[in-house]
Amino acid sequence: MAVPTLCIADGIYPTAFFYRNSVRRLTSVAHDRFTNPKFGIDGRLRNGPKVTATVNPYTYTEAAQPEERKSLTDFLVEARDFVRSDGGDGGPPRWFSPLECGARAPESPLLLYLPGIDGTGLGLIRQHKRLGEIFDIWCLHFPVTDRTPARDLVKLIERTVRSEYFRLPKRPIYIVGESIGACLALDVAASNPDIDLVLILANPVTRVNNFMLQPLSSLLEILPDGVPSFLEENFRFEQGYPFAAMFETMLNETDAAQIGGGLLGDLFATSVNLPTLARIFPKDTLLWKLQLLKSASASAKSHMYTVKAQTLILLSGRDQWLLNKEDIEKLHCTLPNCEVRKFENYGQLLFLEDGVDLVTIIKCTYYYRRGKLLDYVSDFILPTPFELKEYEESQRLLTAITSPVFLSTLDNGTVVRSLAGIPSEGPVLYVGNHMLLGTELRPAAIHFLKEKNILLRGLAHPVMFAKKYGSKLPDMHMFDSVRMIGAVPVSNINFYKLLRSKAHVVLYPGGVREALHRKGEVYKLFWPEHSEFVRTASKFGTKIIPFGVVGEDDLCEVVFDYNDQMKIPFLKNLIKELSQDSTYLRNGEEGEVGNQDLHMPGIVPKMPGRFYVYFGKPIYTEGREEELNDKEKAHEVYLQVKSEVERCMTYLKIKREGDPYRNILARSLYHFSHGFSSQVPTFDLRNQ
C-alpha cells in the first residue's frame, strides 16, 4: 500500500502510516463535479445540464432501501489498522480525508470531524458516503500514544479553520464533534467569533460526571499493563477459536452483553472486538483521555458564553454516563443560535448506530448551507427514494383513512383521474384552499413525486422553521417531514427565488386563518383583498393552477374553536403568547383575514370519508408580464384564480355525493376483495 501524505498541524508531511484504502492525502482532494445523475433546482431529475428520460426514482418507493453503509465491523477493522499504523511514537494528531467522500460538488463546504474518546477519527465511517456528496470532509486522528493537551489541540484545529476560512471566506466551515471533540469545537468557536462556523455536537460534555468518572479512573489505575498483547497472545480472541466462542457464551448467559446497552453492548459483548478495543484504549491512553475530557470540558464550559456559531446539539437517550443534562439545558440557553435534538433509543456512539443518518438530520433541520446565509431554494437537497419511503410510511395512516382522489384538467377541459393535466416543466404555481391544519398537502406531495417526479415546494408558516428558547411553540422535530419534502418559510423573497428557479410552488392565500378556521367555516376562503402573487408570477411566465380540496368535513368536526378559547383567560393568554413568539404575518390586513393567531382547535373525529383534490385548468402568464404589471389587470387574474378555487370546491362537493366508496367501510371491502395495493374507484368522470 502506498504511504499517504497527511496534514499535520500547519504543514503537509509524509508519514509512516500504512492506512487502508479508506483514506487519502488531503493535498489530492479534487473538487470534481458530480458525474452521477442529480436533481436540478426545480425538482426534476437531471444528468448534467439536460433533462433525462430516466425512470422516475420515486415510482417504486416500497422497494427503496437505505444506501449501503459501512458496518461496525468495518469501523473496528479500520480502527485496528490505524492503531497498528501508528507505530511506536505515533506522532502528532493529523487530518485525513476518507476516499469514499470523493464525489461532491465544487461549492461544498468543509466539514471537520473531531473524534470522541476513541480518537481514531473514524466515528463518521457509517456516514462518510452520504456526507461526502455534500461536504469536503477532513477527520482528525489522535494516535494512541499522543498526549497533546487540550489547549494545543484547540490551536491545531484553529490553524486549520483560519487557513480554510482565508482560502474561502464566503463559505461556512462545519465542525462535527463527539464528547471530547464537541468540547474542542466549542473552544474553537469561542476563540473565532468572526469566522462563519456551524457546530454539530453529539453528546457534548461541559461538566464531567465525577460520580461515574472517579471510580472508573481508580479501577484503571490497578489494571495491569499489556492487556492487548496478553488477550491476543494467550487467549486468541479470533473468530473460530474455542475461547472466543466460550467467552461470548459466558457474556450472553450473564447478560453482560447489556453493558451500556445498544451499540456499546455490541462492542463489548463480541469477543473478537476486545483486542481492538484494548489496543485503542490501553490503560495509559484511557487514563489520559479521561483527563483530556476533564480539561476540555472545563475549558468549553468557561468559554461557551462567547460562542456565536450556529449550533445543533444531538443527544443520545441511552448510555449517558458522562453527560450532565442540566448543563445541556444551560448550553442550549446560552448559545444564541442553538437547536437540540434527542434520540431516545440510541446510545453514546450516536453516529455508529443503525438508523442514525447525519445527512438526513442536517436536511430536516435545514442546517445545510453553502454561503453566509441559508438559501431555502439553492441549498435545498432533495429527498432520496428511501427518505420518501420513510415519509410515506409516516403518512400511511392518514392516506389509508382518507384514500385521496386526485383530479386534473387537460388543455381541452377534460377532467381526468391522474396528474396528466399538470405541466412537467416549471415554474408552476398551485393556488388553493387550506383544509383544517393543512392536512391536504402531505398526501399531495407524495403523489406528485411518485406519479410525476415533481417536488412541490410549499410556502409554509415560519413557525415550522424557528423556535425561541423557552417558547411554548411546538418542537421543531414535529415539522421535520414537512421540511424534508421541500417546505420553505413564506416570504416574498423565497417566493421570488422559487419561481425564478422554475420550481413547482404551492401557495395558500388563506394562510393560518383558513387552516385554523372556526366552527361553521368549512371551505370558506379567507383571502386578502389584494395580492401580489400574480404580478410576481408573470415575471417568470408562471403557469397558475387553481385547485380545490374537500373532505375535511368527512373526517372531523371543530367543536372548540378560537372564539371559545378566547373566552377562557388561561387559553387566551397562551394564544397571545404563542402568536407573539412566532412571526406575525398579514400585519397590513384588517378584520378576520388579518387574524393570524396560533391555537389548536378542539376537534372530534367522524367516521372517515375521503379527500378529493381537483386541479383546474392552468392560467398562463407567459408573454403577459407588461399587461399583468398593471395592478388592476393583475387583480382581475387574482379574482379569476379565487373564483376557480371556489368552483373546484363546489364541483367536488357535488360529485362526491355520487362516489360509492366515499365511506371507509366501502373502501375497506373493496381492498379486501381486490388487494390493498389496488386503486379504489371514485365517482363517474364522464358526466362533467
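# Salt bridges, helices and a few odd backbones

Glu393 counts as partly exposed, because its relative accessibility is 44%, between the 20% and 50% cut-offs. Its salt-bridge partner is Arg396, and Arg396 is partly exposed too, at 39% relative accessibility. Before going further, keep in mind that what you're looking at is a predicted model.

**The whole chain**

Stepping back, the chain has 688 residues, and 56% of them count as buried. Its secondary structure adds up to 24 helices and 24 strands. Take the contacts between residues at least 6 apart in sequence: 81% of those link residues at least 24 apart. As for the outside, the accessible surface is about 30500 Å², and carbon and sulfur atoms account for 55% of that.

**Charged pairs**

The salt-bridge count for the model is 29. Here are three of these pairs, with the N to O distance for each.

| Basic residue | Acidic residue | N to O distance |
|---|---|---|
| Arg80 | Asp81 | 3.7 Å |
| Arg396 | Glu393 | 3.0 Å |
| Lys467 | Asp475 | 2.8 Å |

How covered are the partners? In the first pair, Arg80 is partly exposed at 28% relative accessibility, while Asp81 counts as buried because its value, 13%, falls under the 20% cut-off. In the Lys467 pair, the lysine comes out partly exposed at 30%, and Asp475 gets that label as well, at 40%. Elsewhere, Asp553, Asp554, Arg656, Glu657 and Arg662 are tied into one network by salt bridges with shared partners.

**Two helices to click through**

Helix α23 covers residues 631-655, which is 25 residues. From first C-alpha to last, α23 reaches 36 Å, close to the 36 Å expected at 1.5 Å a residue. At its N-terminal end sits a cap: a side-chain oxygen of Asp630 lies 3.1 Å from the backbone nitrogen of Glu632. Which residues of α23 are buried? They include the aromatic residues Tyr638 and Tyr651, along with Val637, Val641, Val645 and Leu652. Cys648, Met649 and Lys655 are also among the buried residues of α23.

Helix α3 (residues 150-167) makes a good companion. With 18 residues, α3 should span 26 Å, and its end C-alpha atoms are 26 Å apart, so the two values agree. Its buried residues include Leu153, Val154, Leu156 and Ile157, but Glu158 and Glu164 are buried there as well.

**Around Asp480 and Lys342**

Asp480 belongs to helix α16 (residues 480-484). Is Asp480 buried or exposed? Asp480 is buried, because its relative accessible area is 15%, under the 20% cut-off. Its side chain makes a polar contact with the side chain of Arg483, at 2.6 Å. Setting aside neighbours within four places in sequence, Asp480 touches Arg341 and Cys364.

Lys342 sits in strand β13 (residues 338-343). This lysine is exposed, because its relative accessibility is 55%, over the 50% cut-off. Lys342 and Leu314 are separated by 28 residues in sequence, yet their C-alpha atoms are 6.0 Å apart in space.

**A nonpolar patch**

Leu437, Met600 and Ile603 make up a nonpolar surface patch of about 270 Å². One of the three, Ile603, is found in strand β22 (residues 602-605). At 37% relative accessibility, Ile603 falls in the partly exposed class.

**Backbone details**

Three spots in the backbone deserve a look when you rotate the model.

- Gly426 and Pro427 are joined by a cis peptide bond, with omega near 5 degrees. Pro427 is in the loop between β15 (415-416) and β16 (428-432).
- Ser179 has a positive phi of about 45 degrees, although it is not a glycine. Ser179 lies in the loop between β10 (173-178) and α4 (180-191), and is buried, with a relative accessible area of 10%.
- Asn203 also isn't a glycine, and its phi is positive at about 50 degrees. The loop that holds Asn203 runs between β11 (197-202) and α5 (210-222). Asn203 counts as buried because its relative accessible area is 1%.

Notes
Residues are numbered from 1 along each chain as its sequence is written. This is a predicted model: local features need pLDDT of at least 70, side-chain atom pairs count only at pLDDT 80 or more; totals for chains, interfaces and linings use all residues. Side-chain values use heavy atoms; hydrogens and water are left out. Patches are made of residues with over 30% relative accessible area and no salt bridge: like charges are joined within 9 Å, nonpolar side chains (Val, Leu, Ile, Met, Phe, Trp, Tyr) within 5 Å. Accessible areas come from the Shrake-Rupley method with a 1.4 Å probe; for residues, only the protein chains shown count as cover. A salt bridge is a side-chain nitrogen of Lys or Arg within 4 Å of a carboxyl oxygen of Asp or Glu. Helices (H or I, at least four residues) and strands (E, at least two) are DSSP runs, numbered from the N terminus. Buried means under 20% relative accessible area, exposed over 50%, partly exposed in between (1.4 Å probe, protein chains only). The expected span of a helix is 1.5 Å times one less than its number of residues. A polar contact is a pair of N or O atoms within 3.5 Å; within protein, one must be able to donate a hydrogen and the other to accept it, and residues adjacent in sequence count only if both atoms are side-chain atoms. Contact means heavy atoms within 4.5 Å.
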